[in-house]
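Open the model in your viewer and keep the selection tool at hand. The tour goes from one selection to the next.

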Amino acid sequence: MKIFFRKYHHVLIFCGLFIKPGLIYSQEWKEDLLAMNKAYISAKSFQMNIEIKSFTTAADTKPLFDYKGRAVSSEGNYYTSIMGRTTIFNKRSVLLVDDKQKIILYKKNKKDAKAQNGFSIAKLDSAMVLAGKNVQVKYLLNSAEEKRIQIAYKNSLIDKLELAINPDNNTIVQVVYYYNTENPEFNNSAAKVTVDYSDIVLNKPIADSYFSENKFITIKKNKITPLNNYAKYQVVDQDQTQTP
């Protein structure tokens, strides 16, 4: 069970962006990416709706799957709910509730646990603003209404991706992934995945109860008991199952 959180901690997996360092292209798109990064990293809180669609081919208009969910973060606390899984991170614990498998995974947070920003696309480092010889970056659209940046790869599992940014507040409104279906490592059913973000709100107060595990479980004398609608869920205490 040690790898369970690692396996399912992918609610925003489609948002991880990686570019190999190397040659520098247009300064302007780098500035747009840095501004997007700053908007989330500097935010004390954010909340947004998320919709993930996967398509069998890049030309398809009807999705194979369509998942809707929500992500919320405030003062190091994090909540996400999508694809039948709810994840909560707070100062006390990390909780994953899987409605499909009827299971609750619990792990106590250490006192020195670092606060989580929670939004993976905002965690950009120096590699994010550089482009290597196997990467090409360009604007598909650069207007007052939308900035859409395309990042194309060579010899990669991802053929290209698109980032759509709202110039008014530097928030990202869409990520589109095009997978290289001819790559030997390709084993997905989807050739294209879109991730849309809507109703984005930054720096508004969010109640601590939003990030509480108490709506799912109760803990007494180190015994974890599922509550209410989760009473029949299997509870796994990772602190008890993991070996040192």
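Buried means under 20% relative accessible area, exposed over 50%, and partly exposed in between, with a 1.4 Å probe and protein chains only. This is a predicted model, in which local features need pLDDT of at least 70 and side-chain atom pairs count only at pLDDT 80 or more, while totals for chains, interfaces and linings use all residues. Residues are numbered from 1 along each chain as its sequence is written, and side-chain values use heavy atoms, with hydrogens and water left out.

Select Arg-148 first; with a relative accessible area of 15%, Arg-148 counts as buried. Add Glu-162, which is buried at 10% relative accessibility. The two form a salt bridge (a side-chain nitrogen of Lys or Arg within 4 Å of a carboxyl oxygen of Asp or Glu), with the closest N and O atoms 3.0 Å apart. Glu-162 is in strand β9 and Arg-148 in strand β8, 14 residues apart; strands (E, at least two residues) and helices (H or I, at least four) are DSSP runs numbered from the N terminus. Now add Glu-146: salt bridges with shared partners join Glu-146, Arg-148 and Glu-162 into one network.

Next, select Lys-147 and Asp-32. Their side chains meet in a salt bridge at 3.6 Å, N to O. Lys-147 belongs to strand β8 and Asp-32 to helix α2, so this pair ties together parts 115 residues apart in sequence. Both Lys-147 and Asp-32 are buried.

Finally, go to Arg-85 and Asp-98, whose side chains meet in a salt bridge at 3.2 Å, N to O. Both residues are buried. The structure holds six salt bridges.
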